[in-house]
Amino acid sequence: MTIERPFKRHYDFEHFRRVVMRETGEGPVPIIELFADPEIMCEVSGLDFPADGLLKVLNIGVEPTVEQLQLGVQLMDISVAFSVAAGYDYASTIPIVPVPRTDYLLLENPQQDGKVRGWQDEHRGLIMNRDDFERFTWPGLDSVSLIPVDYTAGQVPEGMKVMAFINGIFEDLKRLMGVENMAIKSVEEPALCGDILEKLTKLAVAATGRSAAHPAVGAVFYGEDMGFNTSLMLSPEWMREWVVPRLKRIADACHAHGKPFLLHSCGQIDALMEDLIEVVGIDARHSFQDNIEPVEEVYRKYSDRISILGGVDVDLLARGTPAQVAERTRSILEACAPGGGYCMGSGNSVTNFVKIDNYYAMLDETRRWNEKHS
Amino acid sequence: MEQLAELVKEGKAEEAAGRVRELLDGGASADALMKEAMIPAMEEVGDLFQQGKVYLPEMLIAARAMQGCMDVIKPAMATGGPGFLGKVVIGTVRGDIHDIGKNLVGMTLEGAGFEVIDLGVDVSPERFTEAVREHSPQVLGISALLTTTMLAMKDTIDALREAGLRDGVKVMIGGAAVRGEFAGEIGADFFGPDSTSARDFAREAISR
């Protein structure tokens, strides 16, 4: 197939913001991604990144090495170049919140020529019990650093803004405790989970508030994974008691500066959507896979109150053909674009096992739609 | 028996194991404890999990209580002999170390009375094949999280076929990225969206 690049030469974050905030149903459908793996960003931008570079920064600690810092800067450059080349209206970066985190487990995947992938430890974490919590070294709020935001702000072209990614408190709870241990402690020692969540919330509020206050930051992308394919991991009641009020504090820190608060959560989280919309006050939700709930269905249910982001199934992007991806992209646009409050993108992220031609097919089809309808 | 079932359902491991000892001391058979209390209790928790009425923690603590009970009564049962409903080998494919889903399947199968041989994570097709040859299970369960790692499921099924073992075992697959049509594409017998459907398939497989 012929890849028509660049997809866009004009960046308009203000239009992106108005679409996300459902202030307009006019104009082109913006594109959005939470993340793209370095291999994809390099392919799109033409820049290079060491094959083992991501592994070297994956388990970055609270005292990074010079090499890790250099790789981090390189990643930020690639992130901006990727956004510029692909036509996103923002470039993503991550404010530094130096919480010691359980290392990812690393494993080669023979299906990708031995490429190494990092996996969250599901059984063990740095905080397994109350004693571990008491001994844990929590960073002070003043240790939150916006250096990546400042750096990225200096790189983006006119019209483009910075998207600040904030790691979720529930996500960090799982990583600090190990998923299984966290699940068991949630019923046996909920107060321990609550104490950890409170520490994480204060840091997340600081990172979110300071990022949202930054003039170059256009929005906050807040990442939690709260569900499996079939349901929430923990009960809605538990989430309402221990997580939702804290998510509201984080969203409020963003909204205090008039910036959109976009939520990414994998899994089937329908049981919590009313709380996320009405209590937390999310402006948009991201991450939809066809085998969980097709994005059109979510759009039908919630697009009168929030915007809906992405939804082209990663499995299709990885194993389908460009023609299939174009067809699926078109069908999503037909269902979601006319009413506004929709941005096109993958159902999760552009992983390194996504076929690049399929990714391009999704962007190309969106460009065609926009040329025809805008 | 009713009290034991409640303790398992509520995930009270120590109290459940204590109740098992009391019942065994009182003359109850291990078989009766499993069939009349423990298995129905886990069945109920599994069904509620499938229906979205209980969540991961409740499944985990009930399974832990079940395991505690099994540890007490296992000496009274001949491994692989009478008392087990059937045998299932499970594992997460090579290149993948996600195993919560696989573990839930294992717990649910044990809770239903199956003997479960868990090969763990990052299991090569050769190791799956060896385990099928060694244990002769009625069912093999293969798990993977990602689109990129689930491709190893086909390698495993191909390896079984090459070893002449495929016809002797039913293969079920599951995992976040796995879909029903993929089972057909790679020659698996069943795709289970959750641990309860895996249990139901295994039960159906042994009844054929």
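The exchange below covers the contact of chain A with chain B and the two domains of chain B in a predicted model.

Author: In this predicted model, local features need pLDDT of at least 70, side-chain atom pairs count only at pLDDT 80 or more, and totals for chains, interfaces and linings use all residues. Residues are numbered from 1 along each chain as its sequence is written, and chains are lettered from A and ligands numbered from 1 in the order in which they are written.

Reader: What makes residues of chain A and chain B count as in contact, and how many does each chain give?

Author: Two residues are in contact if their C-beta atoms, placed from the backbone, lie within 7 Å. The contact takes 28 residues from chain A and 23 from chain B.

Reader: Which element of chain A supplies the largest share of the side that touches chain B, and what makes it a helix?

Author: Helix 8 of chain A does, with six residues. A helix is a DSSP run of H or I of at least four residues, a strand a run of E of at least two, numbered from the N terminus. Helix 8 spans 179-188 in chain A, so it fits the name.

Reader: Why are two parts of chain B called domains?

Author: Because domain bounds come from an automatic or database domain assignment. Chain B is divided into domain 1 (2-76) and domain 2 (87-207). Their C-alpha centres lie 25 Å apart.

Reader: How many residues of domain 1 of chain B are in contact with domain 2 of chain B?

Author: Twelve, against eleven residues of domain 2 of chain B. Helix 3 of chain B gives the most to the domain 1 side, with eight residues.
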